[in-house]
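Please find below a colleague's note on the structure shown here. The points are numbered so that each can be taken up separately.

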Amino acid sequence: MLAFKVLELGYSQAKKHKAKKQAKQQQAQQPPYPNHQPYPMAEYPPNVAPGADVHFPPPSTPAEPTSKRAKLASMFVSALRFLQFVFGLTVIGLYGRDVHHDHSHNDTWHAKWVFALIAAFLASVTAAIHMALPFCMRRVSYRPSPALKLPQFLWEFVLCVLWLTLFGIFGKMYIGVHPSGDKGVAGLGDASKIDRMRHAVWIDLINLAMWVATASWVLLRWLKSRRAGAVGDGEKV
């Protein structure tokens, strides 16, 4: 009976010793900082001497995926830029015909028609830049600063003023004018010119509406980026 007790005590002690040994081995295999993520070797600075005090930035996190709503809004604005470019060229063709006629007959260019060409040219170039800029930035991996939104809004506001002025000038001249026959109206041209200018007035109005829409979009994005920056500064404080 005594021998059985001794054997049972020895077996329990051996079992406890084996459990302690396994626990020590598992603890030795675990890293000293279980919550620490290893820094990627590709981001280590080159030519660092041993023992140097180097502070590493946190590992880069992947960018947040763009929401479906943001993608649809971006596609809508891109389509609007394309229409701005097309309608700007249309205005150049409608008003440029009269300027070309005056030039070919050595007549004095009318300032109102020249103003229409300048406004349409500036709008078309601006729309073309907005269409080409995303592709250029994608190639060089560059994102424009939100601070550039304010100058962009101011320039588009200037274009809105130009289109509004253009619509006011030619709308006052040609809206409501209906020539009888082919004689036309004195000071406004023949019947074909009056019809063409009446169509051009409504195209001017469409251009005004499109540029007001994009200018409002740029202003909203600038206000949103400014609000996000203010929230970020508040969290840092």
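The points run from the model as a whole to single residues.

1. Status of the model. This is a predicted model. Mean pLDDT for the chain is 78, with 66% of its residues at 70 or more. Confidence is uneven among the elements: helix 4 has the highest mean pLDDT (94), and helix 1 (residues 2–29) has the lowest (65). Any reading of helix 1 should keep that mean of 65 in view.

2. Overall fold. The chain contains 5 helices and 0 strands, giving the pattern α-α-α-α-α along the sequence. Among contacts between residues at least 6 apart in sequence, 72% join residues at least 24 apart.

3. Burial and surface. Of the 237 residues, 24% count as buried. The accessible surface of the chain is about 18,000 Å², and carbon and sulfur atoms account for 65% of it.

4. Annotated spans. The unreviewed UniProt entry carries the annotation "transmembrane region" for residues 72–93, 113–133, 153–175 and 200–220. Two of these spans can be set against the model. Residues 153–175 are 96% helix and 0% strand, with end C-alpha atoms 31 Å apart. Residues 200–220 are 100% helix and 0% strand, and their end C-alpha atoms lie 30 Å apart.

5. Nonpolar core. The largest nonpolar core has 31 residues, and those with the most contacts inside it are Tyr 95, Trp 113, Trp 163, Phe 170, Tyr 174, Met 197 and Trp 211. Helix 2, helix 3 (111–140), helix 4 and helix 5 each supply at least two residues of this core. The largest share comes from helix 4, with 10 residues.

6. Aromatic pairs. How many aromatic pairs does a search of the whole structure find? The search returns 4. One of them joins Tyr 95 and Phe 170 edge-to-face, at 4.7 Å centre to centre and 65° between the planes. Because Tyr 95 belongs to helix 2 (residues 68–104) and Phe 170 to helix 4 (residues 149–174), this pair ties together parts 75 residues apart in sequence. Both Tyr 95 and Phe 170 are buried. Ring pairs also bring in Trp 113, so that Tyr 95, Trp 113 and Phe 170 are linked into a cluster.

7. A pair within one helix. Why is the pair of Phe 153 and Phe 157 tilted? The planes of Phe 153 and Phe 157 lie at 35°, with ring centres 6.3 Å apart, and the tilted class takes plane angles that are neither under 30 degrees nor over 60. Phe 153 and Phe 157 are 4 residues apart in helix 4, so about one helical turn separates them. Phe 153 is buried, with a relative accessible area of 17%, whereas Phe 157 is partly exposed at 46%.

8. Met 197. Leaving aside neighbours within four places in sequence, Met 197 is in contact with Leu 94, Tyr 95, Asp 98, Trp 113, Phe 170 and Tyr 174. Tyr 95, Trp 113 and Phe 170 in that list are the members of the ring cluster.

9. Arg 196. This residue lies in helix 5 (residues 191–236). Is Arg 196 buried or exposed? Arg 196 has a relative accessible area of 14%, and the cut-off for buried is under 20%, so Arg 196 counts as buried. With neighbours within four places in sequence left aside, Arg 196 is in contact with Leu 94, Arg 97 and Asp 98.

Key
Residues are numbered from 1 along each chain as its sequence is written. This is a predicted model: local features need pLDDT of at least 70, side-chain atom pairs count only at pLDDT 80 or more; totals for chains, interfaces and linings use all residues. Side-chain values use heavy atoms; hydrogens and water are left out. Buried means under 20% relative accessible area, exposed over 50%, partly exposed in between (1.4 Å probe, protein chains only). Contact means heavy atoms within 4.5 Å. Rings of Phe, Tyr and Trp (its six-membered ring) pair if their centres lie within 6.5 Å; planes under 30 degrees apart count as stacked, over 60 as edge-to-face and the rest as tilted. UniProt positions are given in the numbering used here, feature names are shortened, and annotations may be inferred rather than shown by experiment. A nonpolar core is a set of buried Ala, Val, Leu, Ile, Met, Phe, Trp, Tyr and Cys residues joined through side-chain atoms within 4.5 Å. pLDDT is the predictor's confidence in each residue, from 0 to 100. Accessible areas come from the Shrake-Rupley method with a 1.4 Å probe; for residues, only the protein chains shown count as cover.
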